[in-house]
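Please open the structure in your viewer and keep the selection panel at hand. The tour below proceeds one selection at a time.

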Amino acid sequence: MKKALIILGTTGLLVASVAAAKVDTSALKVQRAANAQVKCDFIETNVARKVTKFETNRNKHVTSYIKTKERVAALVTKLEAKGYDVTKLKADLTEYDAKIKKFSDDHVAYVAALTSTQEFACGKSEGEFKSQLAAARAVLKTVHDDSVAIRTYWAETVKPDILALKAQKITEKTKTVGGTE
Amino acid sequence: MVENTPLHKHEHPLYQWIALFASVAIILALAGWYALTYQSTVEDDALATVESAYSATLHKGTKTTTATTTTASTTGAEIDAQVSAINNETNSVSSDDFSDNKLDNTALGL
């Protein structure tokens with residue numbers, strides 16, 4: 001009888017332990033799932049915030065670039081009316097405009113790539129999310145390069161060509177005064 | 001019979017030749033003087049015209065040069081002002097807005 005009680009007690013303890021372990025495992029799974037949800041919500045929120053931020057930056061940059069382009073265009077018109085040869089500057093302006101358009105288009109592609117990572121952030125494979133994020137980062141690098149290219153083109157091509165026009169006018173008029181009148 | 005009367009002094013052939021040469025010489029001298037005087041007047045007038053034209057041209061040229069210099073310096077100042085404004089506009093945005101760290105794991109909270 002005593003033996004039977006010992007066996008029964010031991011068995012009871014074992015069953016209780018296994019049951020407790022099962023409860024723990026389930027709780028852990030629930031906790032993990034909850035954590036994953038929090039994480040993916042966090043990532044989704046961050047990505048959404050990034051998209052908004054990048055959209056704002058895009059508008060700010062494009063607005064600024066267009067303002068500079070319009071200033072150069074107005075200057076070209078005014079100087080041409082005064083008799084300056086603005087052929088080179090006109091060509092510069094066309095190139096400058098193309099660079100702004102490329103920046104704008106690449107930025108649209110970048111935001112689209114970044115937005116698409118959101119659908120992989122929750123409920124899909126982590127691999128797909130990472131792959132899509134890597135693609136978005138690659139386009140971001142292109143956008144960054146576009147922005148640098150615009151600044152460089154202004155500083156190293158358009159600006160020197162505008163400043164060179166100052167000398168052009170004086171030289172031409174000096175020749176006219178000494179030669180024909 | 002014709003009386004062989006002596007020739008009067010004025011009727012002497014030599015005297016007549018001398019008078020003829022003297023008259024021709026005076027006429028030639030007068031003609032030369034007139035020609036030289038007339039030519040000189042023409043030259044003076046022509047010179048005056050040329051000088052006047054040259055003076056006008058010179059004056060005009062000077063004025064044009066002055067005006068051109070003024071225009072050029074005005075335009076130069078305007079160009080400088082526009083370049084400065086565009087520089088400021090370009091510097092109002094930064095390419096760093098699109099640098100790698102804007103989308104790295106830390107930025108995304110990964």
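Begin by selecting A:Y110 in this predicted model. Leaving aside neighbours within four places in sequence, A:Y110 is in contact with A:A136, A:V139, A:L140 and A:V143. Display these four residues together with A:Y110.

Next, extend the selection to the largest nonpolar core, which has 31 residues. A:Y110 is among the members that touch the most other members, together with A:L114, A:A136, A:L140, A:V143 and A:I162. Which elements each supply at least two residues of this core? They are α1, α2 (87-121) and α3 of chain A, along with α1 (13-91) of chain B. Colour α3(A) separately, for α3(A) gives the most to the core, with 11 residues.

Now turn to the contact between the two chains. Select 35 residues from chain A and 27 residues from chain B to show the residues that take part. On the side of chain A that touches chain B, the elements giving two or more residues are α1 (2-81) and α3 (126-179) of chain A. Here again α3(A) gives the most, with 19 residues. Colouring this side of chain A by class shows 15 nonpolar, seven polar and 13 charged residues.

Finally, select chain B and colour it by pLDDT. The mean pLDDT of chain B is 77, and 64% of the residues of chain B reach 70 or more. For the model, the scores are ipTM 0.71 and pTM 0.63.

Key
Residues numbered from 1 in each chain as written. Chains lettered and ligands numbered in written order. Predicted model: local features only at pLDDT ≥ 70, side-chain atom pairs only at ≥ 80, totals over all residues. Contact = placed C-beta atoms within 7 Å. Helix = DSSP H or I, 4+ residues; strand = E, 2+ residues; numbered from the N terminus. Nonpolar A, V, L, I, M, F, W, Y, C, P; charged D, E, K, R; others polar. pLDDT = per-residue confidence, 0-100. Core = buried A, V, L, I, M, F, W, Y, C linked by C-beta atoms within 7 Å. Buried ≥ 20, exposed ≤ 12 C-beta atoms within 10 Å, placed from the backbone.
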